[in-house]
Amino acid sequence: IEAYGMLEQVEATLRGAAPAAIVDLCCGSGFLSLALANEFPAAAVLMFDLDTRIRVRHDASHPNLRFEVADIMADGFGARLGALLREAGGQRGGGPCVAVGMHLCGALSPRAISLFAAEPALDSLLLAPCCLDKRFDAALKATARQLGRDAFECKVDQLREALEALPRVEVRVARDASFRTNRSAAEGGDGCKNAMIVGQRRAASGPNTPLCCLVCESE
């Protein structure tokens, strides 16, 4: 269910544009990647995860789906990602490139934002945070307690503000009540951790300019 919620937000972000590549950071078993590959058969869907035990045999059934073992926290990952995005853009017509991160806990969501900031081939980043890491997010949890706020909502604000600090990036927060990660024993509904933070680059010509690849735009 959550994969389809993210898929709908990807579609809303693209606004009818045909993507050249979609990156699934920390993809897990790849259910979201599979949905994206089915929905956008002309796009290269790149799956990255550090866990070598994950079964991703379904990637062989989709010619546009590719799994790579990778640590997105590694120093060299940004360069590797940039090379793959440029390869995909050259092969698939130079459409926009989108990165998604479902349940990127702790330092992973900030890392996704830093990758987005550093890689001009990425036009949009969509994050669906989940758990707060007891080590990385300890200070944030303490602040949330002092303010009497929900720690997850403080995390959403933190990530939104980090994206808003980037130049030429428009940010919005979408909510999907079908998400099933709930603070209580119940599943779904208004109490679930259902925020998706979307950062979208705009071309220099103005806020109403259609989504486009800034790398392709400069060539």
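Two residues are in contact when their heavy atoms lie within 4.5 Å. Keep that in mind for the exercises below, which all use a predicted model.

**Exercise 1. Find out which residues Val 23 touches, leaving out residues up to four places away in sequence.**

Solution. Start at Val 23 and skip its close sequence neighbours. What's left is Leu 46, Phe 48, Leu 81, Leu 85, Val 98, Ala 99 and Val 100.

Now step back to the core around it. Val 23 is among the residues with the most contacts inside the largest nonpolar core, along with Phe 48, Phe 77, Leu 85 and Leu 125. That core has 33 residues. Elements that each supply at least two of them include β1 (21–25), β2 (44–49), α3 (77–91) and β4 (97–102). The biggest giver is α3, with 5 residues. There's also a second, separate core of 24 residues, and Ala 3, Ala 35, Leu 126 and Ala 128 are included in it.

**Exercise 2. Decide whether Leu 126 is buried or exposed, and say why.**

Solution. First, place the residue: Leu 126 sits in strand β5. Next, recall the cut-off, which is that buried means under 20% relative accessible area. Leu 126 has a relative accessible area of 0%, so it is buried.

Then look at what surrounds it. Setting aside residues up to four places away in sequence, Leu 126 touches, among others, Met 6, Gln 9, Val 10 and Thr 13, plus Ile 197 and Val 198. For one more check, try Met 196: it is 70 residues from Leu 126 along the chain, yet their C-alpha atoms are separated by 6.5 Å.

**Exercise 3. Describe the largest pocket: its volume, and its lining by class.**

Solution. Begin with the volume, which is about 200 Å³. Then go round the lining: 13 residues make it up, and Cys 27, Gly 28, Phe 31, Leu 32 and Met 102 are the ones nearest the pocket's centre. Sort the lining by class and you get 6 nonpolar, 4 polar and 3 charged residues. Finally, ask about helices: α1 (2–14) and α2 (31–39) each bring at least two lining residues.

**Exercise 4. Sum up the whole chain: how many helices and strands does it have?**

Solution. Count the elements and you reach 7 helices and 7 strands. Along the sequence they run α-β-α-β-β-α-β-α-β-α-α-β-β-α. Of the chain's 219 residues, 52% count as buried. Now take contacts between residues at least 6 apart in sequence: 64% of them join residues at least 24 apart. Last comes the accessible surface, about 10200 Å², with 53% belonging to carbon and sulfur atoms.

Methods: Residues numbered from 1 in each chain as written. Predicted model: local features only at pLDDT ≥ 70, side-chain atom pairs only at ≥ 80, totals over all residues. Heavy atoms only, no water. 1 Å grid on protein atoms, 1.4 Å probe; cavity = no way out; pocket = protein on both sides within 12 Å on 5 of 7 lines; lining within 4 Å. Points joined across faces, edges and corners; volume = space filled by probe spheres on them. Helix = DSSP H or I, 4+ residues; strand = E, 2+ residues; numbered from the N terminus. Nonpolar A, V, L, I, M, F, W, Y, C, P; charged D, E, K, R; others polar. Buried < 20%, exposed > 50% of the residue type's maximum accessible area, 1.4 Å probe, protein only. Areas by Shrake-Rupley, 256 points an atom, 1.4 Å probe, with all protein chains shown as cover. Core = buried A, V, L, I, M, F, W, Y, C linked by side-chain atoms within 4.5 Å.
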